[in-house]
Amino acid sequence: MKIIDARVRVPYKSFANAAIFKDPAAMDAWAQMFNIARPPKVAGMEELFADMERAGVSKALVSCRRGHNVENADIAEACSLYGDKLFGFVEIDPKDGVALGLEEIDRYVLNGPCSGVAVEPGFNRRGPLYADDEQFYFVYEACEKNQIPLYFNFGGFIGPDYSYNDPDMIVKIGRTFPKLKMMIAHAAYPHILKIIHTAVANPNVYVLPDMYGFDIPGGELYIKAANTMLRNQIIFGSAYPIFDIKAAADYYMSCGIQESILPNIMAGNVERFLGL
């Protein structure tokens with residue numbers, strides 16, 4: 001079965017300096033909490049690709065995280081070097097200004113090696129913002145106009161409090177930009193039923209539970225949605241390097257998602273999101 005991992009962080013340049021790679025003890029604690037194995041080795045790109053190969057994963061999505069000191073130029077460079085393995089998403093910080101934001105979209109996506117744009121409102125580098133803050137609107141407008149997929153880091157602990165992950169904002173954005181394709185990474189957890197209903201009402205909203213789709217409280221609701229209302233909108237992701245890609249893929253393949261629907265969850269839905 002074809003598998004695309006929609007949530008991977010790459011050990012490349014500025015990303016390799018992030019705590020997610022530099023603090024293994026903290027990552028071990030996360031893995032224990034979610035009861036999913038850690039990768040056998042996290043040292044560089046070759047180890048990432050070996051983990052992908054063991055899991056049968058053909059390509060992975062990597063989203064820049066400027067709030068964690070990751071640079072768009074490094075994501076673009078990784079995609080240039082490993083375009084057969086990666087789909088890159090550059091993060092736009094609206095507080096950098098409209099001109100710079102649009103220039104980065106043009107340089108890295110429209111005329112560069114990357115596949116889309118990311119925003120991380122709750123962890124925005126120059127201070128947290130709500131996703132429906134109109135400072136983001138030029139980003140959403142550019143993505144809608146140019147048919148660029150938009151990757152939201154939106155859920156879990158992303159933000160000062162859980163109001164920063166409220167799906168009501170995604171409803172508003174979807175109504176304002178009805179042709180904008182959005183992927184909701186971390187699936188707005190813990191606002192599970194709200195994001196499921198939001199996606200049901202808006203087929204351009206794709207839901208990526210990644211680590212929150214594992215065997216934790218509420219995770220079973222994403223699985224039930226995958227079997228029913230959101231069979232065309234739930235997407236697989238591992239959250240590497242916190243978790244081993246094969247262990248994450250094995251969980252999704254055996255957690256109760258119907259066999260006939262698995263090809264959608266593991267690859268087909270993210271391909272539609274990417275416009276492939």
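In which helix is Asn-227 found? Asn-227 belongs to helix H9, residues 219-227, and the first legend below starts there. The model is predicted, so local features need pLDDT of at least 70 and side-chain atom pairs count only at pLDDT 80 or more, while totals for chains, interfaces and linings use all residues. Residues are numbered from 1 along each chain as its sequence is written, and side-chain values use heavy atoms, with hydrogens and water left out.

**View 1. Asn-227 of helix H9 and its partners around Gly-256 and Gln-258.** Helices (H or I, at least four residues) and strands (E, at least two) are DSSP runs, numbered from the N terminus. Asn-227 counts as buried because its relative accessibility is 11%; buried means under 20% relative accessible area, exposed over 50%, and partly exposed in between (1.4 Å probe, protein chains only). A polar atom of the Asn-227 side chain lies 3.0 Å from the backbone oxygen of Gly-256. That side chain also reaches the backbone nitrogen of Gln-258, at 2.7 Å. Setting aside neighbours within four places in sequence, Asn-227 is in contact with Gly-256, Ile-257, Gln-258 and Ile-261, where contact means heavy atoms within 4.5 Å.

**View 2. Helix H8 beside helix H9.** The axis of H8 (residues 192-201) comes within 10 Å of the H9 axis, and the two cross at roughly 20°. Axes here are lines fitted to C-alpha atoms, for helices over the stretch in contact, with angles from 0 to 180 degrees between N-to-C directions. H8 and H9 are therefore roughly parallel to each other; angles under 35 degrees count as roughly parallel, over 145 as roughly antiparallel, 65 to 115 as roughly perpendicular, and the rest as oblique. On the H8 side, look for Ile-192, Leu-193, Ile-195 and Ile-196, which meet Leu-221, Tyr-222 and Ala-225 of H9. By class, this contact of H8 with H9 has seven nonpolar, no polar and no charged residues. In that scheme, Ala, Val, Leu, Ile, Met, Phe, Trp, Tyr, Cys and Pro count as nonpolar, Asp, Glu, Lys and Arg as charged, and the others, Gly among them, as polar.

**View 3. Helix H10 meeting helix H11.** The axes of H10 (residues 245-254) and H11 (residues 262-274) come within 9 Å and cross at roughly 140°. H10 and H11 are therefore oblique to each other. H10 contributes Ala-249, Tyr-252 and Met-253 to the contact, and H11 contributes Leu-262, Ile-265 and Met-266. The residues of this contact divide into six nonpolar, no polar and no charged.

**View 4. The buried residues of helix H6 and their cover.** In H6 (residues 137-146), the buried residues to find are Tyr-137, Phe-138, Val-139, Tyr-140, Ala-142 and Cys-143. Their cover includes helix H5 (98-110), strand E4 (116-119), strand E5 (150-153) and helix H7 (168-176). Just after H6, Gln-147 takes a positive phi of about 55°.

**View 5. Ala-187 and Pro-190 in the loop between strand E6 and helix H8.** Although Ala-187 is not a glycine, its phi is positive, about 50°. Ala-187 counts as buried because its relative accessibility is 0%. Pro-190 has its place in this loop, between E6 (182-185) and H8. A cis peptide bond joins Tyr-189 and Pro-190, with omega about 10°.

**View 6. A cis peptide bond between Tyr-240 and Pro-241.** Omega of this bond is about 10°. Pro-241 sits in the loop between H9 and H10.

**View 7. Lys-85 in the loop between helix H4 and strand E3.** This loop runs between H4 (72-81) and E3 (86-91). Lys-85 counts as partly exposed because its relative accessibility is 27%. Neighbours within four places in sequence aside, Lys-85 is in contact with Phe-49, Met-52, Ser-58, Lys-59 and Ala-60. Leu-61 is 24 residues from Lys-85 in sequence and 8.8 Å away in space, C-alpha to C-alpha.

**View 8. Met-33 in helix H2 and Asn-35 in the loop that follows between H2 and H3.** Met-33 is found in H2 (residues 24-34) and is exposed, with a relative accessible area of 54%. Asn-35 lies in the loop between H2 and helix H3 (45-55). Phi of Asn-35 is near 60°, a positive value in a residue other than glycine. Asn-35 counts as exposed because its relative accessibility is 64%.

Definitions and conventions
Polar contact = N/O pair within 3.5 Å; in protein donor to acceptor, adjacent residues only side chain to side chain.
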